[in-house]
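Biologist: Please take a close look at a single part of this model, and set it in the context of the whole chain.

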Amino acid sequence: MELNRRLACLAALVPPGCIAADIGTDHAYLPIYLVEKDVCRVVIATDIKDGPFRTAAGKIKEHQVEDRVILRQGDGLKVLNPLEADVLVLAGMGGNTIREILSASPHILSGAKRMLLQPMADAADLRFWLCDNGWRIADEQLVEEDGRVYLIIVAEPGREVTTDPIHLELGPRLLEKKDPLLKGYLEKIISKYERILAEIAAAKSDLAREKALSLEKKVAKIKEVAGCL
Ligand SMILES: C[S@@+](CC[C@H](N)C(=O)[O-])C[C@H]1O[C@@H](n2cnc3c(N)ncnc32)[C@H](O)[C@@H]1O
């Protein structure tokens, strides 16, 4: 099994010898790779939807790893037993979906030693949730593939030391490491906020003006951070 750059980056962050669970596995590429390369003896692969579940079952069969990739269908972490998996991977979903999945199963979460999270959006909300729920951001990586930049967050149990909301919003480990893709990543965030500001500009209410003011301040801070890279 050959992995694309995004999945290869996730695979490299799975500690050898662990039992990993890939939640929302779809094609099951990552679990198949992890057992084929003997990174893990066993990986649990899950998906909520019939189509991806069937695709995963087909790929697992094709690669003859049915005894090492345990496939389950169901919602988030609800299909796992406590202490069954020590590494949880949730990749390719929205940050808020990831947050909802994690919030729904605290008893499963408390047994995990590491989470690899790759949110497609709303990364800031996810980081705030992690920090409020006993997880520290151990590492962050940006991966570029086909012109798109993907974020990977490595979370481990503990207390996050960064308290500055703007650093948490942008990625505290990315900022510390001055990731080479960070400048472009921040420019995208700035453009998103500037688009919202342009939309709000047309509204005349006090609430809209207040929102615009706070967003302008945020954009100024992000530009300041980006300027220091
Ligand atoms: C875009 S795919 C990502 C596949 C793979 N993880 C990757 O990163 O390439 C997202 C998958 O998450 C699954 N999914 C969404 N919500 C889920 C949930 N609550 N529990 C389990 N799977 C979920 C979807 O069915 C879909 O197959």
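**Helix H2 and its surroundings**

Modeller: The buried residues of H2 pack against helix H1 (5-12), strand S1 (20-23), strand S2 (43-47), helix H3 (50-62), strand S3 (69-73) and strand S4 (87-93); contact here means heavy atoms within 4.5 Å. Helices (H or I, at least four residues) and strands (E, at least two) are DSSP runs, numbered from the N terminus. The model is predicted: local features need pLDDT of at least 70, side-chain atom pairs count only at pLDDT 80 or more, and totals for chains, interfaces and linings use all residues. Residues are numbered from 1 along each chain as its sequence is written, and side-chain values use heavy atoms, with hydrogens and water left out.

H2 itself covers residues 29-36, and within it Leu30, Pro31, Ile32, Leu34 and Val35 are buried, where buried means under 20% relative accessible area, exposed over 50%, and partly exposed in between (1.4 Å probe, protein chains only). After H2 comes Asp38, with a positive phi near 60°.

Around this helix, the chain has 10 helices and 7 strands. Its radius of gyration is 19 Å, close to the 17 Å that the globule rule gives for 229 residues, so the chain is as compact as a globular protein of that length; the radius is taken over C-alpha atoms, and the rule is 2.2 Å times the number of residues to the power 0.38. The C-alpha trace spans about 60 × 35 × 35 Å along its principal axes. Of the 229 residues, 48% count as buried. Among contacts with a separation of 6 or more, 66% come from residues 24 or more positions apart.

Elsewhere in the chain, strand S7 (residues 148-157) holds Ile153, which counts as buried because its relative accessibility is 0%. Leaving aside residues up to four places away in sequence, Ile153 touches ten residues by name, including Met115, Leu126, Ile137 and Asp139. Between Ile153 and Ser191 there are 22 Å, C-alpha to C-alpha, and the two are 38 residues apart in sequence.

Asp139 belongs to strand S6 (residues 135-145) and is also buried, with a relative accessible area of 18%. With the same sequence neighbours left out, Asp139 touches Leu13, Ile152, Ile153, Val154, Arg173 and Lys177. Its side chain joins that of Gln141 in a polar contact of 3.4 Å, that is, a pair of N or O atoms within 3.5 Å, where within protein one must be able to donate a hydrogen and the other to accept it, and residues adjacent in sequence count only if both atoms are side-chain atoms.
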